[in-house]
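Here's a quick walk through the fold and a few of its contacts. Have the viewer open and follow along.

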Amino acid sequence: MQVLGTGMKVFDAAPVRGRIRAMNTPDDVLDLMDEGAEGIVAGVQDAGATFLAPIFHELTAVVCFSGTPMSHIGIVSREYRVPCTMATEMAERPANGTRVEVDCTDAVGVVRSLG
């Protein structure tokens, strides 16, 4: 497994695995409402992205590229117990569909490629 990036974990959570998918607009959420969000790790730029609300309970994890654990996404992820990393830094963002692991067991959250 290759480390893709690290960020602030929102809460302690066991590692989870899924396919990363960029979620940039409400249309991305509407697509997942039809397909189902089970097994999806949402990659989100904006820490205040309220458009995830309809599918949050189905997501495997959230990787946010901005914000802090006290941002909207951080607060909601704690409530739904969806593992989440905030202000995640990656040299290169993985393509949609890439299998990843989000590990929030240590002091820092880690996102790894599963190859």
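## Charges over rings

Let's start with a side-chain detail: Arg93 places its charged end over the ring of Phe65, 3.7 Å from the ring centre. Keep in mind that this is a predicted model. A second arrangement of this kind involves Arg81, whose charged end sits over the ring of Phe11 at 4.1 Å from its centre.

As for rings meeting rings, how many aromatic pairs turn up in a search of the whole structure? The search finds one.

## The barrel

Zooming out, seven strands form a closed barrel in the order 1-5-4-3-2-6-7, and the pairing is mixed. On average, neighbouring strands of this sheet are turned by 35° against each other, direction ignored.

For an antiparallel piece of the barrel, look at strand 6 (residues 99–104) and strand 7 (residues 109–113), which are joined by four bridges. Within that pairing, Val102 has Val111 in strand 7 as its bridge partner.

## Strand 4 and its neighbours

Strand 3 (residues 40–44) runs parallel to strand 4, with four bridges between them. Strand 4 also pairs with strand 5 (residues 84–90), again in the parallel sense, here over two bridges. Val63 is a handy residue to click on: it is the strand 4 bridge partner of Gly43, and its own bridge partner in strand 5 is Thr85.

Are the side chains of strand 4 (residues 61–64) buried or exposed? In a regular strand, side chains alternate between the two faces of the sheet. In strand 4, Ala61 and Val63 are on one side, while Val62 and Cys64 are on the other. All four are buried, so both faces of this strand are covered (buried here means under 20% relative accessible area).

## Helix 2 on the sheet

What does helix 2 (residues 72–80) touch as it packs on the sheet? Its contacts are with strand 3, strand 4 and strand 5, and the helix direction makes about 135° with that of strand 5.

The buried residues of this helix are Ile73, Gly74, Val76 and Ser77. Strand 3, strand 4 and strand 5 are among the elements that cover them.

Just past the end of helix 2 comes Arg81, with a positive phi of about 60°. That brings us back to the ring contacts, since Arg81 is the residue with its charged end over Phe11.

Conventions: Residues numbered from 1 in each chain as written. Predicted model: local features only at pLDDT ≥ 70, side-chain atom pairs only at ≥ 80, totals over all residues. Heavy atoms only, no water. Buried < 20%, exposed > 50% of the residue type's maximum accessible area, 1.4 Å probe, protein only. Pairing = 2+ DSSP bridges. Axes fitted to C-alpha atoms, helices over the stretch in contact; angles between N-to-C directions. Contact = heavy atoms within 4.5 Å. Phe/Tyr/Trp six-rings, centres within 6.5 Å; stacked < 30°, edge-to-face > 60°. Lys NZ or Arg CZ within 6 Å of the ring centre and 35° of its normal.
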